[in-house]
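Here are my notes on the model you sent over, point by point. Have the structure open while you read.

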Amino acid sequence: MSGLLELRDIRKSYAGVRVLDDVSLALAPGEIISLLGPSGCGKSTLLRIAAGLDQDFTGGLSHNPLLDFGGGSGIGVVFQEPRLLPWLNVAQNVGFADGRGVDGAWVEQLLTDVGLAGQGEKLPKQLSGGMAQRVAIARGLYQRPQVLLLDEPFSAVDAFTRMKLQDLVVRLADAYGIALLLVTHDLDEAFYLSDRVLILGGSPSRIQRELAVPLAHPRDRRSAELAYLRGEALTELTL
Amino acid sequence: MARATGVAGQIATAPCANAPRSSRATRLGALRGWVVPAVLLALLETVVRLGWIPGYLMPAPSELARSMWELAEGPLWEHILASTLRVLSGFAIGASLALLLGSAVGISQRLEAFLDPTFQALRAVPGLAWVPLLLIWLGIDETSKVTLIAIGSFFPVYMNLVAGIRNVDRKLVELGELYRLSRRQQIRRIFVPAAQPYLFTGLRNGLSMAWLCVVAAELLAATEGIGYLLTDGRETSRPDLVLVAIITLAVMGKLSDSLLKRLEQRTLRWRDNFTGGES
């Protein structure tokens with residue numbers, strides 16, 4: 001396989017009702033893909049399947065053997081909410097995968113990367129929502145993954161924080177050569193970040209349309225190309 | 001006494017004065033818990049001195065202090081030590097077993113189906129009902145007493161730990177799955193820390209059960225211990241001995257609970273919770 005992560009003909013039912021029907025996608029190294037769709041369309045479910053958290057589906061899920069090098073699964077996950085362990089401090093949360101055998105220098109490097117240098121001793125209750133999500137991003141990167149799965153990671157923070165975090169994630173993905181699969185219901189976010197946008201919709205959900213975004217990073221949020229693509233997506237979603 | 005209540009009066013009005021929280025104010029605030037006992041003691045002293053209650057039934061607090069002083073120079077410490085050792089060993093055994101079984105039952109519905117009904121039935125048995133059986137099986141020496149205490153302190157810890165584990169946020173459990181933690185690691189790194197608030201409630205309840213059981217055990221058969229002091233006071237018709245034993249129990253119970261509470265506060269520093277209003 002050429003991709004890092006491949007989902008083939010995924011079908012998934014909840015209580016007899018099919019929510020996903022024949023969804024396929026492949027994530028190439030370094031690529032950024034967004035799954036865009038209204039809430040309840042099964043996009044988070046698809047991400048959970050990709051992360052291995054949901055085993056109850058039919059279809060194929062294959063990981064590139066390259067992913068199995070290194071400590072973890074080669075896949076990092078950032079959830080909608082930070083999901084920090086409240087009894088561990090920031091540094092312990094970032095290095096959670098290794099417990100006591102944590103690589104302190106790497107944790108400090110990641111905290112610097114996400115703009116939280118020297119804050120490793122703080123407890124989660126002392127952090128703002130944006131800071132907590134930065135910690136969660138650092139934790140997602142700790143095991144040096146090649147794929148980072150993000151489940152609406154910026155939906156719970158304010159607009160300015162969101163823009164900062166979006167830039168942060170793109171920069172880190174580029175710096176560490178990580179492919180991103182991002183679930184979002186935010187049109188701006190999807191087109192600003194991704195190389196490809198997959199629009200999920202219908203009942204049961206299928207991939208309705210795939211839009212390529214052939215623009216280099218860093219991008220201008222106000223560019224006409226992005227506006228045009230957003231319009232295309234909007235047409236698709238409101239049909 | 002009068003001076004103590006005078007200080008207490010100041011303390012009670014301090015928060016109303018809306019003063020800034022100086023270190024002196026917080027130090028006085030810590031004394032608020034002494035107000036009620038001080039007033040009660042003063043009242044009792046007066047009533048007994050006035051002869052409204054006969055002294056052979058209710059010795060005055062000053063008389064009690066003298067009895068306590070005499071005992072403190074003699075056998076009181078041995079009694080305290082004997083009871084404390086029993087409480088500590090019984091509580092250690094009961095709480096450890098509860099930690100083991102509670103975490104196992106907490107994370108496994110299958111184990112719960114097998115074990116929990118039995119535990120619930122055994123929990124319904126009052127601790128004292130075990131005493132005759134323990135005496136027949138284990139004799140009247142230490143083993144039966146420690147076993148009774150272990151049984152008594154097991155259930156509060158067990159119940160609270162199971163409830164605590166069942167209350168752990170599913171999302172945190174999922175994090176453990178994501179990081180491919182083994183069952184043991186999940187218990188150690190997620191379930192037990194997350195259930196800590198419940199666990200401490202259980203431990204504190206278990207400890208007070210342990211003190212309850214030690215008295216019950218010593219009342220029935222012992223040659224030393226605070227419970228023995230109680231029996232001794234009754235048999236020799238000395239209410240002062242009984243009262244000294246009761247006060248000792250109150251002090252020891254409060255002391256051990258305070259230690260556990262301090263440990264709880266230190267361990268649960270991470271909690272982001274409501275700590276009670278000032279009014």
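1. Start with L148(A), which sits opposite L180(A) of strand β7(A). The two strands here are β6 (residues 147–151) and β7 (residues 179–184) of chain A, and they pair in the parallel sense over five bridges. Keep in mind throughout that this is a predicted model.

2. Which sheet do these strands belong to? β6 and β7 of chain A are part of an open sheet of six strands, in the order β5-β6-β7-β3-β8-β9, with mixed pairing. The edges are taken by β5 (75–78) and β9 (206–212) of chain A, each of which pairs on one side only. Ignoring direction, neighbouring strands in this sheet are turned by 15° against each other on average. Helix α4 (residues 129–141) of chain A packs on the sheet, where α4 touches β5 and β6 of chain A. The direction of α4 makes about 170° with that of β5(A).

3. Chain A also has an open sheet of three strands, ordered β2-β1-β4 and paired antiparallel. Why is one side of β2 and of β4 left without a neighbour in the sheet? Because β2 (17–27) and β4 (58–63) of chain A stand at the edges, each has a single partner strand. The average turn between neighbouring strands in this sheet is 20°, again with direction ignored. Helix α1 (residues 43–51) of chain A packs on this sheet and touches β1, β2 and β4 of chain A. The angle between the direction of α1 and that of β1(A) is about 125°.

4. Now zoom in on the pairing of β1 and β2. Strand β1 (residues 5–14) of chain A runs antiparallel to β2(A), and seven bridges join them. Among the opposed residues, L5(A) has L27(A) of β2(A) as its bridge partner, and K12(A) stands opposite L20(A). The two strands form a hairpin with two residues between them.

5. If you check backbone torsions, two residues around that hairpin deserve a look. A15(A), in the turn, has a positive phi of about 50°. D22(A) has a phi near 50°, also a positive value and in a residue other than glycine; D22(A) is placed within strand β2 of chain A.

6. Where are the cis peptide bonds to look at? One runs from S203(A) to P204(A), with omega near -5°, and P204(A) is in the loop between β8 (196–201) and β9 of chain A. Another joins H217(A) and P218(A), with omega about -5°; the place of P218(A) is the loop between β9 and α7 (224–238) of chain A. I'd keep both in mind when you set up the topology.

7. On charges, the count over all chains is 31 salt bridges. One of them is between the side chains of D195(A) and R219(A), at 3.9 Å from N to O, set against a cut-off of 4 Å. D195(A) is in the loop between α6 (187–193) and β8 of chain A, while R219(A) is in the loop between β9 and α7 of chain A, so this pair ties together parts that are 24 residues apart in sequence.

8. How many residues are in contact between the two chains? On the chain A side there are 20, and on the chain B side 18. Together the chains bury about 1,900 Å² between them, with 63% of it on carbon and sulfur atoms.

9. For the polar side of that interface, the count between chain A and chain B is three salt bridges. One example is R48(A) with E174(B), whose side chains meet at 2.5 Å, N to O. Six residue pairs are in polar contact across the interface, with both residues at pLDDT 80 or more. By class, the side of chain A that touches chain B consists of eleven nonpolar, three polar and six charged residues.

Technical notes: Residues are numbered from 1 along each chain as its sequence is written. Chains are lettered from A and ligands numbered from 1 in the order in which they are written. This is a predicted model: local features need pLDDT of at least 70, side-chain atom pairs count only at pLDDT 80 or more; totals for chains, interfaces and linings use all residues. Side-chain values use heavy atoms; hydrogens and water are left out. Contact means heavy atoms within 4.5 Å. Buried area is the accessible area (1.4 Å probe) that two parts lose on being put together, summed over both. A polar contact is a pair of N or O atoms within 3.5 Å; within protein, one must be able to donate a hydrogen and the other to accept it, and residues adjacent in sequence count only if both atoms are side-chain atoms. Ala, Val, Leu, Ile, Met, Phe, Trp, Tyr, Cys and Pro count as nonpolar, Asp, Glu, Lys and Arg as charged, and the others, Gly among them, as polar. Two strands pair if DSSP finds at least two bridges between them. Helices (H or I, at least four residues) and strands (E, at least two) are DSSP runs, numbered from the N terminus. Axes are lines fitted to C-alpha atoms, for helices over the stretch in contact, and angles run from 0 to 180 degrees between N-to-C directions.
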